[in-house]
Amino acid sequence: CSGLEIFVEGKWKSVTVENLPPHSFIVNIGDLMAYWSGGRWKSTLHRVANPPKNSALAKVDRFSIPFFTGPKLDSVIVPVNYESMSEEDKSRFKPVLALDHLHAKLGISNT
């Protein structure tokens, strides 16, 4: 267990950094950024698991800096490539208010 894990193909998998360039960092994007990209970038279910207590990884410092941000709630979210999307994709990624997108993710109804 390396800490960060992503849920892929029905399983939790460790995210390894051994093959990344030095001083790299990983960015997890949220559902709204995935929507903005018209599905090009994926929002991945993820978690952070502690390494086994007496393992070598448990003795290494790990830094995590969570930062959450979003648009103003009255912003209209339109995928950046909306004009060049197929009609099928346009029907999947219709322009939406940021507040409505948030409500949909939280299961909140406006009615």
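This passage walks through the predicted model, from the overall fold down to single residues.

The structure is a predicted model, so local features are taken only where pLDDT is at least 70 and side-chain atom pairs only at pLDDT 80 or more, while totals for chains, interfaces and linings use all residues. Residues are numbered from 1 along each chain as its sequence is written, and side-chain values rest on heavy atoms, with hydrogens and water left out.

Starting with the overall picture, the protein has three helices and five strands; helices (H or I, at least four residues) and strands (E, at least two) are DSSP runs, numbered from the N terminus. Read from the N terminus, the elements go β-β-α-β-β-α-β-α. The radius of gyration comes out at 18 Å, whereas a compact globule of 111 residues would be near 13 Å. That figure is taken over C-alpha atoms, and the globule rule is 2.2 Å times the number of residues to the power 0.38. Along the principal axes, the C-alpha atoms fill a box of roughly 50 × 30 × 30 Å. Of the 111 residues, 19% count as buried, where buried means under 20% relative accessible area, exposed over 50%, and partly exposed in between (1.4 Å probe, protein chains only). As for contacts (heavy atoms within 4.5 Å), 49% of those between residues at least 6 apart in sequence join residues at least 24 apart.

Next comes the sheet. Three strands form an open sheet in the order β2-β1-β3, with antiparallel pairing. At the edges sit β2 (11-14) and β3 (46-48), each of which pairs on one side only. On average, neighbouring strands here are turned by 30 degrees against each other, direction ignored; the axes behind this angle are lines fitted to C-alpha atoms, for helices over the stretch in contact, and angles run from 0 to 180 degrees between N-to-C directions. Two strands count as paired if DSSP finds at least two bridges between them, and the antiparallel β1 and β2 are joined by four. Their hairpin has two residues between the strands, and Glu-9 takes a positive phi there, near 55 degrees. Glu-9 is not a glycine, and with a relative accessible area of 69% it is exposed.

Glu-5 sits in strand β1 (residues 4-8), opposite Ser-14 in β2. What is the relative accessibility of Glu-5, and is the residue buried or exposed? At 8%, Glu-5 counts as buried. Beyond neighbours within four places in sequence, Glu-5 is in contact with Trp-12, Lys-13, Ser-14, Val-15, Leu-45, His-46, Arg-47 and Ala-49. With Arg-47 there is also a side-chain polar contact of 2.5 Å. A polar contact is a pair of N or O atoms within 3.5 Å; within protein, one must be able to donate a hydrogen and the other to accept it, and residues adjacent in sequence count only if both atoms are side-chain atoms.

Then there is the nonpolar side of things. The largest nonpolar core has eight residues: Leu-32, Tyr-35, Ile-77, Tyr-82, Met-85, Phe-93, Val-96 and Ala-98. Such a core is a set of buried Ala, Val, Leu, Ile, Met, Phe, Trp, Tyr and Cys residues joined through side-chain atoms within 4.5 Å. One core member, Phe-93, is placed in the loop between α2 (87-92) and β5, and its 8% relative accessibility makes it buried. Leaving out residues up to four places away in sequence, Phe-93 touches Tyr-35, Gly-38, Gly-39, Pro-79, Tyr-82 and Met-85. Phe-93 and Ile-77 are 16 residues apart along the chain, with their C-alpha atoms separated by 9.3 Å. With that same cut in sequence distance, Met-85 touches Gly-38, Pro-79, Lys-90 and Phe-93.

Helix α3 (residues 98-106) has Ala-98, His-101 and His-103 as its buried residues. The cover over them includes α1 (31-36), β4 (76-77) and β5 (96-97). After α3 comes Gly-107, with a positive phi near 75 degrees.

One further backbone detail concerns His-23, in the loop between β2 and α1. His-23 has a positive phi of about 65 degrees although it is not a glycine, and its relative accessible area of 81% makes it exposed.
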